[in-house]
Amino acid sequence: MSNELKQWKPMVTRKRAVRPTDTSRPDEVDETGAEEKTDTDRNMAVMFEISRRKRQVKLESLILNRSSFAQTVENLFALSFLVKDGRAEIVVHGSGSHIVSPKNAPAASSIASGEAAYSHFVFRFDFKDWKDLFRN
């Protein structure tokens, strides 16, 4: 066995990628798209206007569309926002029918302070229920 010292090889260092030092800012996004109303916003406006004009509307006549289950669901979705925002209320009439009536929405300050709270409703409705409504 030989006891020779090995020659160390010099270390090779890699060059690191240079990061850009200047910060770039993206172009500002136009806010024109934010002002456009969505379909749900339009549906909400129409529903609120109908309920405001008639004062009390049966739930079925407000949301049901005999020819489109999808439109019925969209109408129910829009109504849920009106109820959540406090702009409409659903009351069960003595005969068992649901009545929708308009309300003045609470001020943002009363919601923040806790005087008024958001409300929600749960409504079970599927395609079979929609079909059953029109079998009579």
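# Notebook: helix α3 and its surroundings

**Entry 1: starting at L76.** I began in the middle of a helix: L76 is found in α3. This is a predicted model, and I kept that in mind throughout. Is L76 buried or exposed? I looked up its relative accessibility, which is 13%, so L76 counts as buried, the cut-off being under 20%. Next I checked its distance to L64: the C-alpha atoms are 8.4 Å apart, with the two positions 12 residues apart in sequence numbering.

**Entry 2: the overall layout.** I stepped back to see the whole protein chain. I found five helices and three strands. Read from the N terminus, the order of elements is α-β-α-α-β-β-α-α. The chain has 136 residues, and 19% of them count as buried. I also looked at contacts between residues at least 6 apart in sequence: 59% of these join residues at least 24 apart.

**Entry 3: α1 against α3.** I wanted the geometry of this helix pair. Two packed helices are described by the angle between their axes and the distance between the axes. Here α1 covers residues 39-54 and α3 covers residues 69-84. Their axes come within 9 Å and cross at roughly 75°. That angle falls in the range from 65 to 115 degrees, so α1 and α3 count as roughly perpendicular to each other.

Which residues make the contact between α1 and α3? On the α1 side I listed T40, N43, M44, M47 and F48. On the α3 side I listed Q71, E74, N75, F77, A78, L79, F81 and L82. Sorted by class, this contact has eight nonpolar, four polar and one charged residues.

**Entry 4: E74 and N75, side by side in the list.** Both caught my eye as members of that contact. E74 sits in helix α3. Its relative accessibility is 39%, so E74 counts as partly exposed. I also looked up how far E74 is from D39: the two are 35 residues apart in sequence, yet their C-alpha atoms are 9.1 Å apart in space.

N75 is in helix α3 too. Is N75 buried or exposed? With a relative accessible area of 10%, N75 is buried. I then set aside its neighbours within four places in sequence and asked what else N75 is in contact with. The list is N43, M47, L62 and I63. Of these, N43 and M47 also belong to the α1 side of the helix contact.

**Entry 5: the nonpolar core.** In soluble globular proteins, nonpolar side chains tend to be buried together. I looked for the largest nonpolar core here and found 16 residues in it. M47, L62, I63, L79, L82 and V100 have the most contacts inside this core. At least two of its residues come from each of α1, α2 (59-63) and α3. The largest share, five residues, is supplied by α3.

V100 was worth a closer look. Leaving out neighbours within four places in sequence, I found V100 in contact with R55, Q56, V57, L59, L62, L79, A88, E89 and I90.

**Entry 6: R55, from the V100 list.** R55 lies in the loop between α1 and β1 (57-58). Its phi is near 70°, a positive value in a residue other than glycine. At 54% relative accessibility, R55 counts as exposed.

**Entry 7: aromatic pairs.** How many aromatic pairs are there? I counted two. One is F69 with F127, edge-to-face, at 5.3 Å centre to centre and 85° between the planes. This pair links distant parts of the chain: F69 is in α3, while F127 is in α5 (residues 127-133), 58 residues apart. F69 has 23% relative accessibility and counts as partly exposed. F127 is partly exposed as well, with a relative accessible area of 43%.

The pair F77 and F81 is also edge-to-face, at 4.9 Å centre to centre and 90° between the planes. Both residues lie in α3, four residues apart, which is about one turn of the helix. F77 is partly exposed, with 45% relative accessible area, and F81 is partly exposed at 29%. I had already met F77 and F81 on the α3 side of the contact with α1.

Notes
Residues are numbered from 1 along each chain as its sequence is written. This is a predicted model: local features need pLDDT of at least 70, side-chain atom pairs count only at pLDDT 80 or more; totals for chains, interfaces and linings use all residues. Side-chain values use heavy atoms; hydrogens and water are left out. Axes are lines fitted to C-alpha atoms, for helices over the stretch in contact, and angles run from 0 to 180 degrees between N-to-C directions. Angles under 35 degrees count as roughly parallel, over 145 as roughly antiparallel, 65 to 115 as roughly perpendicular and the rest as oblique. Contact means heavy atoms within 4.5 Å. Ala, Val, Leu, Ile, Met, Phe, Trp, Tyr, Cys and Pro count as nonpolar, Asp, Glu, Lys and Arg as charged, and the others, Gly among them, as polar. Buried means under 20% relative accessible area, exposed over 50%, partly exposed in between (1.4 Å probe, protein chains only). A nonpolar core is a set of buried Ala, Val, Leu, Ile, Met, Phe, Trp, Tyr and Cys residues joined through side-chain atoms within 4.5 Å. Rings of Phe, Tyr and Trp (its six-membered ring) pair if their centres lie within 6.5 Å; planes under 30 degrees apart count as stacked, over 60 as edge-to-face and the rest as tilted.
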